[in-house]
Amino acid sequence: MRKNIVAGNWKMNKTLQEGIALAKEIKASLSGKTPKCEVIVGTPFIHLASVCEELKDSVIAVAAENCADKPSGAYTGEVSAAMVASTGAKYCIIGHSERRTYYGETYEILRLKVRLALENGLRPIFCIGETKDERQAGRQNDVVQAQLEGSVFDLAADEFGKIVLAYEPVWAIGTGLTATSDQAQEMHAFIRSLITKKYGKELSEDTSILYGGSCNPSNAKELFAKPDVDGGLIGGASLKAGDFVAIIDSF
Ligand code: PGA
C-alpha cells in the first residue's frame, strides 16, 4: 500500500536560526498527534544537520532540496548525496522545475543525481511537470512522460520502488494558480498508467505521487481526496507551521 505524504519545500528561505525555530514549531504542533500521512520537511543544505537533530525523536523526516551529480571530489560549492545522508536526512528532492529552469539541470544530470541519492540510501522525491505553454499546446502528457523516461524509467524495479514522484505543473508553482483537483487527478492517473506499463500494476499501485503547486490549507483536502493524489509537495505554505500542519490535517 502506498503512503500518503505531505512534504515541505522551504526553497531558499529561512536563516539557520529561523529554520530551527520553524522545525521546532512544526514538531510542537504535531506532538501528541498521529498524522494520517508521512511528514517530511525539505530544507536548505545548511539547515539539514541541525533540523535532523531537532526532529530526531519526532514523526517528521527531513529532505534535502538537491544533491550533486558527482559522488565527491573537486566540485567547489557542491554537496554530495553521501554528505546529505550523513546529516540524517532520508529524502532528497530532485528535478524541481526551479533547478531545471534556473540551473540547467538536464534529464541526464537528474538521472545521475537520482542514482547517487539511491546509492547513498536517500529516497528521491522526483519532480515532474509541464510549463504553461506546454499545457496550452496540449503537450503536458508528452512532457511528463519524457521527464520520467529521461531520468528514472531505466531504474531497476526495486530501485524505482524507492522513489516518490511529485507532479508540479510549473504554471501552478508559487503563482496562486492551483491545478483543479480534476486536472491533478487526470495527470496522476496518467503517470500511474505509465508506471504500470513500465513496472507493472503492483509497483504502480505502491508509488506515492504527490501534487505540488500552490497547495494550501483551503485546497489540500479536495486535492488529497482524489484517488491518485497521495499528498503534496508544499512550497510557500510550508513556511508557516500553522498552514503546514493544517495541510497535514487535511488527511
Ligand atoms: P508552492 O511551491 O507551494 O509555493 O507553489 C511548490 C513547490 O515548488 O514545490
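**View 1. Polar contacts between the ligand and Asn-9, His-96 and Ser-214**. In this predicted model, a polar side-chain atom of Asn-9 is 3.5 Å from a ligand oxygen atom. His-96 also brings a polar side-chain atom to a ligand oxygen, at 2.6 Å. Ser-214 takes part through its backbone: an N or O atom lies 2.7 Å from an oxygen atom of the ligand. Of the 280 Å² of accessible area that the ligand has on its own, the protein covers 95%. A polar contact is a pair of N or O atoms within 3.5 Å; within protein, one must be able to donate a hydrogen and the other to accept it, and residues adjacent in sequence count only if both atoms are side-chain atoms. Accessible areas come from the Shrake-Rupley method with a 1.4 Å probe, and for residues only the protein chains shown count as cover.

Residues are numbered from 1 along each chain as its sequence is written, and side-chain values use heavy atoms, without hydrogens and water. Because the model is predicted, local features need pLDDT of at least 70 and side-chain atom pairs count only at pLDDT 80 or more, while totals for chains, interfaces and linings use all residues.

**View 2. The shell of residues around the ligand**. The ligand is surrounded by 13 residues (a residue is near a molecule if one of its heavy atoms lies within 4 Å of it), and the closest are Lys-11, His-96, Glu-168, Gly-174 and Ser-214. By class, 4 members of the shell are nonpolar, 7 are polar and 2 are charged. Here Ala, Val, Leu, Ile, Met, Phe, Trp, Tyr, Cys and Pro count as nonpolar, Asp, Glu, Lys and Arg as charged, and the others, Gly among them, as polar.

**View 3. Gly-174 in the loop between β6 and α9**. This loop joins residues 164–167 (β6) to residues 181–199 (α9); helices (H or I, at least four residues) and strands (E, at least two) are DSSP runs, numbered from the N terminus. Gly-174 counts as exposed because its relative accessibility is 74% (buried means under 20% relative accessible area, exposed over 50%, partly exposed in between, with a 1.4 Å probe and protein chains only). Its C-alpha atom is separated by 33 Å from that of Ser-72, which is 102 residues away along the chain.

**View 4. Lys-11 and Lys-14 in the loop between β1 and α1**. The loop lies between β1 (5–9) and α1 (16–30). Phi of Lys-11 is near 55°, a positive value in a residue other than glycine. Lys-14 likewise has a positive phi, near 80°. Lys-11 is partly exposed at 22% relative accessibility, and Lys-14 is partly exposed at 31%.

**View 5. Gln-147 in helix α7**. The helix spans residues 140–151. Gln-147 counts as buried because its relative accessible area is 6%. Its side chain reaches the backbone nitrogen of Gly-129 at 2.8 Å. With neighbours within four places in sequence left aside, Gln-147 is in contact (heavy atoms within 4.5 Å) with Arg-100, Tyr-107, Phe-126, Ile-128 and Gly-129.

**View 6. Ala-28 and Ala-241**. Ala-28 sits in helix α1 and is exposed at 52% relative accessibility. The C-alpha atoms of Ala-28 and Ala-241 are 9.5 Å apart, while 213 residues separate the two in sequence.
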